[in-house]
Amino acid sequence: MTRPPGESQDEAIKIPDVLPVLPLKDTVVFPYIILPLSVGRDKSVLAVDRALSESRVIMLVAQRDAAMDNPGEADLFEVGTAAVIMRMLKLPDGRIRILVQGLARARVQHISQMEPYLQAKIERIEEPRPAAPSLEIEALVRSVKESLDRAVTLGKGISPEVMVIAANLEDPGRLADLAASNLDLKLAEAQAILETIDPVERLRRVSDQLVREIQVLTMQQEISSQARGEIDRSQREYFLRQQLKAIQQELGEGEELAEEIANYRKAAEEKQLPEEAREELERQIRRLERSHPESAETQIIRTYLDWLTALPWTTYSEDDLDLQHAQQVLDEDHYDLEKIKERILEYLAVRKLKPDTRGPILCFVGPPGVGKTSLGRSIARSLGRKFVRISLGGVRDEAEVRGHRRTYVGALPGRIVQGIRQAGTSNPVFVLDEIDKIGADFRGDPSSALLEVLDPEQNWSFVDHYLGIPYDLSKVMFIATANMLEPIQPAFLDRMEVIRLTGYTQEEKVRIARLHLIPKQTKENGLTPEQIEFSDESIAAVISGYTKEAGLRNLEREIAAICRKVAVKVARGESAGMAIDAAKVEEFLGPRKHFAEELLSRDRVGVATGLAWTAVGGDILFIEVVAVPGKGQLLLTGQLGDVMKESAQAAVSYARAYAATHGLGDDFFAKHDMHIHVPAGSIPKDGPSAGITIGTAILSVLTGKPINRRVAMTGEITLRGDVLPIGGLKEKALAAKLAGIHTVIVPKLNRRDLSEIPATITDGLTFHFVDHMDEVLKLALLDPDERQPEVTPQGEPAEIASEQPQPATV
């Protein structure tokens, strides 16, 4: 409200030089404006009472900080408004309401009194009068009046009485004050207009504020108009909910979303997200603010933000670079495996000299149960890193590795990112188990997706489909495990450093059982070392009579079975403890399932001992050949693969040539059918290294000479009788040793592999390196009078083995 333009306030009321001061929170009062005020502070109430008892004039000054309850001189603006108190109303709670009208601008020269109320020496500010009416002033006045009309038309809440007064005002200063008092200005903006003394300049500022207000009102009207034309029922509901949310925020009830967003930003600060991740976080937060609180999209955004802020972007565990400590940890957890331990120590040494080196990508290949996965856990313990393991056996969907795109319902990151979150650091030891058993179908090829993960040149910017932003995997130490290399893609295999783990000898198994397996099972079955004691003979009896494996899993199961039997006796009070010997082993585990002596009981014609490699280690197999009257046909049985069949045909062709050159009868092959059989017909067999074994068995039949049963052989044969190199020599040598073989015939080119076979395997074995079949025949064939005496094995062999048969590669 304002006074009529014709009445002079100067004539009605005189403004004293010293006035009580009323500090205002978030309010600026302009001259000539009538405004109600609520007064609650004690000092302010006393100041009002003082003004009413004197001239009814009071100094109204805005506070710089509205939160301050007891402002001083420095906390108040210098320029305020001298106002007259028109009415006062006391409320029951002690507060008072007053109606004031601004008189003139005034400047606080200094505060002369602080208690019991504020009092100041003031100086009235005289406004300059325009020299003469000008076109610019007239245009500015008209523009402000039109802007006020336009604002009212667009929905601005200005009373008709104010609009009438504004229409009759020609003074630029008073028009500016009237318009400013009816705009929703911030405190700083209103104070700036109050402190503008020049009326024309003040009117310009108000005009600018009116233009901005009209733009906001116009945009608001356009949005409302567009929304009314486009929104359907659900959009209308959303619009109402947004209004409800705004109302709740005004009432202090809608702080949950703001608190949630603040938590996301705080987590991002703590995790020190990279710039790209931070930009994506802000983009998703903006979407969350605009989304319906109960919509499915909101839940998807929340899940994504949870993943984004939970990942350890820049969190790294500190490596323990003490080589002696690492050696001690590895020796505690694993017996032997010197090559792998040496490789880990090499990595630690390089990390110590070059801290920013990338993590190695190792691939442990070996039979089941030799400790590939547990070795990864020991490596993590020796480095002081977190350990994560995922099994890839049977995985067929590429999304298991790269994650699902967020467009899918229930989408999640891939197992690589899930493992990183589980670890809580960006440099764990990450074991990818069973990579040789990864499948592929119409959903993609996980092996190809892993190429990026295991490539040091690419994994620093691995992009998960769910996250959609790069994640640095270059500091992760990846360890893959596999039983066989053949199923692994060449490009995949090329990215890894392959380290082979072969099976254990009986001596090594006894040592490992003594150091690791027996203490573990004793503890797990509630026994103490005093209640059960194994002798070396009993452990050897379990190994040779009840297990047939390259690893240790079945050995641990049998030891656990013995511990359970003893636990029953201890729990019943039948025994306070027990010493386990070979007799007790058979009592607890039953009849022997396997026999150490699996060789033939005597030297035979047409039966040769070969060596094969399987997924569970090495094994021996017998090649049987008989010649029966016929028309020269070749019959192959024993579930042989194509490569092994071709190897048998090459051996037969060499035998024909050998017979022709040694005068053994040209018509033998024409009048006889040759039947080659490899026992254990339920087990698939394939590979070229049985060539010399088949050739030896054929020539044994042809010459009638028996084959030394203590001689085992392996090697590929050519039509000229040359012997070509083979693979898996360590596993085959171990199988020969466990079977009690004394002599092993191998290709001469495999001599270099002998240096990698431990002495515990080669002790007791004689290796003969040959490059032609003539040398093989001299070593393997015996004259009839050189046959060794028949040996009868103790006990009867079990017809059904406990282990699952494994395909043999010969």
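In the predicted model, five strands form an open sheet in the order β8-β9-β12-β7-β13, and their pairing is parallel. The edge positions are taken by β8 (387-391) and β13 (497-500); each has a single partner strand, so one side of each is left without a neighbour in the sheet. From one strand to the next, the twist averages 20°. At the β13 edge, the partner is β7 (residues 361-365), and the two strands pair in the parallel sense over 4 bridges. Within this pair, Leu362 lies opposite Glu497 of β13. Helix α14 (residues 372-383) packs on the sheet, where contacts are made with β7, β8, β9 (429-433) and β12 (477-482). The direction of α14 makes about 165° with that of β12.

Enclosed space was examined next. Across the whole structure, 4 cavities of 30 Å³ or more were found. The largest cavity holds about 40 Å³ of space. Its lining is made up of Val365, Gly366, Pro367, Asn483, Arg500, Leu501, Trp613 and Glu731. By class, 4 of these residues are nonpolar, 2 are polar and 2 are charged. Two of the sheet strands contribute to this lining: Val365 belongs to β7, which covers residues 361-365, and Arg500 belongs to β13, which covers 497-500.

Open space was also considered. The second largest pocket contains about 910 Å³ of space. Its lining comprises 36 residues, of which Arg500, Thr502, Lys730, Glu731 and Glu756 are the closest to the pocket centre. Arg500 and Glu731 therefore appear in the lining of this pocket and also in that of the largest cavity, with Arg500 placed in the edge strand β13 (497-500). The elements that supply two or more residues to the pocket lining are α13 (338-353), β13 and α26 (729-738). The most is given by α26, with 4 residues. The pocket lining divides into 17 nonpolar, 7 polar and 12 charged residues.

Confidence was assessed along the chain. The mean pLDDT of the protein is 83, and 90% of the residues reach 70 or more. Over residues 1-11 the pLDDT stays under 50, and the model has 22 contacts beyond four places in sequence for this stretch. Residues 790-807 likewise have pLDDT below 50, with 29 contacts in the model beyond near neighbours in sequence.

Technical notes
Residues numbered from 1 in each chain as written. Predicted model: local features only at pLDDT ≥ 70, side-chain atom pairs only at ≥ 80, totals over all residues. Heavy atoms only, no water. Pairing = 2+ DSSP bridges. Axes fitted to C-alpha atoms, helices over the stretch in contact; angles between N-to-C directions. Contact = heavy atoms within 4.5 Å. 1 Å grid on protein atoms, 1.4 Å probe; cavity = no way out; pocket = protein on both sides within 12 Å on 5 of 7 lines; lining within 4 Å. Points joined across faces, edges and corners; volume = space filled by probe spheres on them. Nonpolar A, V, L, I, M, F, W, Y, C, P; charged D, E, K, R; others polar. pLDDT = per-residue confidence, 0-100.
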